[in-house]
Amino acid sequence: MHREHPLRIIRYSIKNIWLLVLPLVRLVYSYRVSPEALMAWLRGAWFDLLILLAILGFGWLNWFFREFTVEEGQLFIQDGILFTRRRYVPGRNLTALTIRQPPWLRPFRAAYLCADTAAGLLGATDIRLLIRLRDAEMFRRTLPHLRQGKRHNTHYKVDLWRILLFSVLFSSSFYGSVYMATFWFQGGRVARDLIQELRLTERLNTLSEEVAGHLAGIPPAAVTVGLVILSTWLLSFLANLLRYFGFFIESDKRLMYIHSGLFMRRRITLRTQKINFLDIRQNLLMKAFHLHTVAVNCPGYGTERGSIPVCLPILTGDEADYTVLPKMFPGTRMTDNTLRPPWTSWWPYVSLPVFAAAALMPAMQAAKQFFPAVDDIFAFLQIMLLIPIGWKFIIQNAAFRTSGVSITGGRICMRYCRFTTFHTILADTDCIVKVRIHRWFWQYWSGKCSLTFYLQAETMRRFTLWSLKYDEVCALLGEFLSTQTPIEPNEETPQG
Amino acid sequence: MQEYRADRAAGYLLCVCVCLAAGLLSGAAYLFLRRWAFVMYLCIGIFCTLAFLTGFVLTPLYFRSLRCIVTPHQITCRSGILLHREKSVRMRTIQYVQIVTGPFDGALGLNFIVLHVYGGSMQLFFLRRRDRREIARLLSQRGVFHAS
């Protein structure tokens with residue numbers, strides 16, 4: 001049996017370790033180089049020290065009683081002092097094994113190990129251990145299902161410019177705000193003091209006024225908002241760059257190894273058989289330049305906040321169609337749509353941005369009438385809101401042209417658009433767990449419907465295609481259903 | 001097909017815990033609410049009634065309804081007093097198993113088995129120590145995991 005890295009004792013005691021601060025501060029404050037001063041300090045702090053020892057002792061007990069081992073192709077973990085918890089995770093059910101090594105753990109030769117199975121409801125990690133690095137190899141060595149094979153060995157190293165491009169394309173202000181909020185809430189007092197110390201608010205105001213001075217006609221408040229959005233986007237860009245730096249993927253018939261990260265190094269082992277489906281993502285610019293990002297849906301991969309379960313960060317059209325993607329995932333191919341929205345469905349696709357634009361203009365005019373003092377802000381806001389609406393209008397046009405589905409040879413290829421991202425889903429038809437055809441009452445007259453596919457995944461994943469012809473949907477699904485055998489849950493043959 | 005029922009010892013333990021909690025809360029009410037006699041008696045009455053209902057009515061009924069049925073291919077758990085709930089999982093869908101044992105190797109009926117399956121989990125509560133071992137052995141025989 002192995003134990004976690006002793007650093008775990010600190011992690012177990014961390015909630016109460018701040019009590020250490022009180023006697024230490026007292027020691028530093030009244031420190032004199034004399035035995036009398038030390039005794040005086042001990043007389044004052046003996047009770048605090050006893051409590052501290054009790055906290056550390058409890059952390060040590062927790063660590064001591066937490067053991068793990070790998071035997072007979074199974075991961076076994078035992079923990080708990082009064083109540084004993086034993087977990088048995090068969091190696092054949094592991095879907096992903098991640099070893100994360102943040103920079104602060106490197107001097108201690110420690111790393112986090114996350115083991116995942118397809119079980120669970122919310123995509124949470126099943127097993128998380130802080131292990132010694134030498135134990136990390138034991139998992140690969142002793143778990144036969146995580147040992148590399150010899151056939152179909154391909155690897156792909158992603159260049160720096162592709163990582164840069166990927167980070168630019170997939171960074172968002174939203175995730176930047178999430179990181180900032182995490183720093184704000186978890187940093188607590190320290191974060192607030194830092195902001196106060198660096199006089200960030202004042203500097204932001206000064207910068208906004210300066211920039212507004214150069215850009216005549218734009219109010220300082222709008223510039224402040226713009227600067228905040230830009231800085232959160234930059235934060236997200238930096239996080240993506242650091243996360244996917246040095247991205248390298250290697251694959252054989254059964255496994256996929258992914259290495260990435262500049263500061264936080266990640267080594268991920270995925271079971272190819274446990275990948276539910278491929279999700280090829282593009283935004284409008286990527287679509288224009290025939291660039292693709294391939295993500296996989298595999299339980300345990302891409303569960304970190306703000307991360308994409310990316311497998312091939314940036315592929316050109318040729319690489320996606322002929323070279324890299326078919327090599328990495330044999331049998332996978334993007335096929336042409338056999339079912340797509342008819343030309344009469346153009347209006348349902350573009351109606352939302354058109355209505356939004358139509359509603360925005362009178363609303364802003366009214367706002368200017370009611371608040372004439374700040375009409376320049378509303379004018380600016382109107383333009384700023386019209387840009388994303390116009391962008392969405394273009395996206396919806398592209399979505400109308402490209403959305404559709406094809407089911408051939410036991411594989412489904414589905415193209416749809418969600419918000420601003422175009423997705424191409426590639427999966428086995430065995431992965432489809434439910435199909436839903438939905439019709440509003442007016443669609444009975446137009447003969448159209450919406451089609452939703454629910455695919456097998458750790459959390460519910462559904463993909464909807466809008467405004468398809470009902471007869472064509474029935475014909476496609478009728479043919480598909482008639483050739484299908486009842487879907488059974490995953491059961492793979494044991495692998496040596 | 002094997003049927004397992006909840007250990008009554010755990011039921012008695014819960015009953016004692018509930019009574020102790022009610023006693024402590026009533027004592028606290030006596031200490032801190034003595035100035036307002038009506039409020040104090042009201043609180044003590046509420047605590048005692050709740051303890052009686054929970055410890056002597058609901059817990060025995062719940063423990064009587066709790067049962068687990070193991071067949072070669074699936075495990076079913078039945079529970080509920082007013083609303084009966086039946087939950088089944090197939091052996092082949094179990095991804096990993098978690099066994100929780102209380103103090104003294106679960107002698108007081110504090111034995112729980114959690115079966116983690118696709119899309120969730122199923123808990124088998126308050127098993128006897130003998131039953132816990134037997135279910136673990138059956139799961140091991142079916143190849144769900146290797147019991148050590």
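A:Phe65 is partly exposed, at 33% relative accessibility. Its neighbour in this story, A:Phe64, is also partly exposed, with a relative accessible area of 30%. The two rings sit with centres 5.6 Å apart and planes at 90°, so they make an edge-to-face pair. Keep in mind that this is a predicted model. From that pair we can move on to the other rings, then the sheets, the core and a few unusual backbone spots.

**Aromatic rings**

- Counting over all chains gives 24 aromatic pairs.
- A:Phe371 and A:Phe378 are a stacked pair, with 6.2 Å from centre to centre and 25° between the planes.
- The partners in that stack differ in exposure: A:Phe371 is partly exposed at 49% relative accessible area, while A:Phe378 counts as buried at 17%.
- Over in chain B, one aromatic cluster takes in B:Tyr62, B:Phe63, B:Phe112, B:Phe125 and B:Phe126.

**Charges over rings**

- A:Arg3 puts its charged end over the ring of A:Trp63, 6.0 Å from the ring centre.
- A:Lys434 lies over the face of A:Tyr454, and here the distance to the ring centre is 4.4 Å.

**The sheet built from both chains**

- Seven strands make an open, antiparallel sheet, and the order runs S1(A)-S2(A)-S3(A)-S4(A)-S5(B)-S6(B)-S7(B).
- At the edges you'll find strand S1 (2–3) of chain A and strand S7 (120–124) of chain B, each paired on one side only.
- Helix H4 (residues 133–142) of chain A packs on this sheet and touches S1, strand S2 (67–71) and strand S3 (74–79) of chain A. The direction of H4 makes about 30° with that of S2(A).
- S1(A) and S2(A) pair antiparallel over two bridges, and A:Arg3 stands opposite A:Glu67 in S2(A).
- S2(A) also pairs antiparallel with S3(A), over five bridges. Here A:Val70 stands opposite A:Leu75 in S3(A).
- Four of the five residues of S2(A) are buried, so the strand is largely enclosed by the rest of the structure.
- The S2(A)–S3(A) hairpin has two residues between its strands, and A:Glu72 takes a positive phi near 50° there.
- On the chain B side, strand S5 (residues 94–101) and strand S6 (residues 111–117) pair antiparallel over seven bridges. B:Val97 has B:Leu115 in S6(B) as its bridge partner.

**The four-stranded sheet of chain B**

- Chain B has an open sheet of four strands in the order S1-S2-S3-S4, again with antiparallel pairing.
- Its edge strands are S1 (2–5) and S4 (85–90) of chain B, and each pairs on one side only.
- From one strand to the next, the twist averages 15°.
- Strand S3 (residues 74–79) of chain B pairs antiparallel with S4(B) over six bridges, and B:Ile75 stands opposite B:Val89 in S4(B).
- Helix H2 (residues 37–65) of chain B lies across S1, strand S2 (67–70) and S3 of chain B, running at about 155° to S3(B).
- Helix H4 (residues 129–141) of chain B lies across S1, S2 and S3 of chain B too, and runs at about 145° to S1(B).

**The largest nonpolar core**

- In soluble globular proteins, nonpolar side chains tend to be buried together.
- The largest nonpolar core has 40 residues, and those touching the most other members are A:Phe247, A:Ile249, A:Leu270, A:Tyr301, A:Leu312 and A:Phe329.
- Several elements of chain A each give at least two residues to this core, including helix H5 (160–170), helix H9 (220–244), strand S11 (265–271) and strand S14 (310–316).
- S14(A) supplies the largest share of the core, five residues.

**Positive phi in loops**

- A:Arg109 isn't a glycine, yet it has a positive phi of about 50°. A:Arg109 lies in the loop between strand S5 (94–101) and strand S6 (110–117) of chain A, and counts as exposed at 55% relative accessibility.
- A:Phe419, another residue that is not a glycine, has a positive phi of about 55°. The loop that holds A:Phe419 runs between strand S16 (411–418) and strand S17 (421–428) of chain A. At 60% relative accessibility, A:Phe419 counts as exposed.

Key
Residues are numbered from 1 along each chain as its sequence is written. Chains are lettered from A and ligands numbered from 1 in the order in which they are written. This is a predicted model: local features need pLDDT of at least 70, side-chain atom pairs count only at pLDDT 80 or more; totals for chains, interfaces and linings use all residues. Side-chain values use heavy atoms; hydrogens and water are left out. Two strands pair if DSSP finds at least two bridges between them. Contact means heavy atoms within 4.5 Å. Axes are lines fitted to C-alpha atoms, for helices over the stretch in contact, and angles run from 0 to 180 degrees between N-to-C directions. Rings of Phe, Tyr and Trp (its six-membered ring) pair if their centres lie within 6.5 Å; planes under 30 degrees apart count as stacked, over 60 as edge-to-face and the rest as tilted. Buried means under 20% relative accessible area, exposed over 50%, partly exposed in between (1.4 Å probe, protein chains only). A charge sits over a ring if NZ of Lys or CZ of Arg is within 6 Å of the ring centre and within 35 degrees of the ring normal. A nonpolar core is a set of buried Ala, Val, Leu, Ile, Met, Phe, Trp, Tyr and Cys residues joined through side-chain atoms within 4.5 Å.
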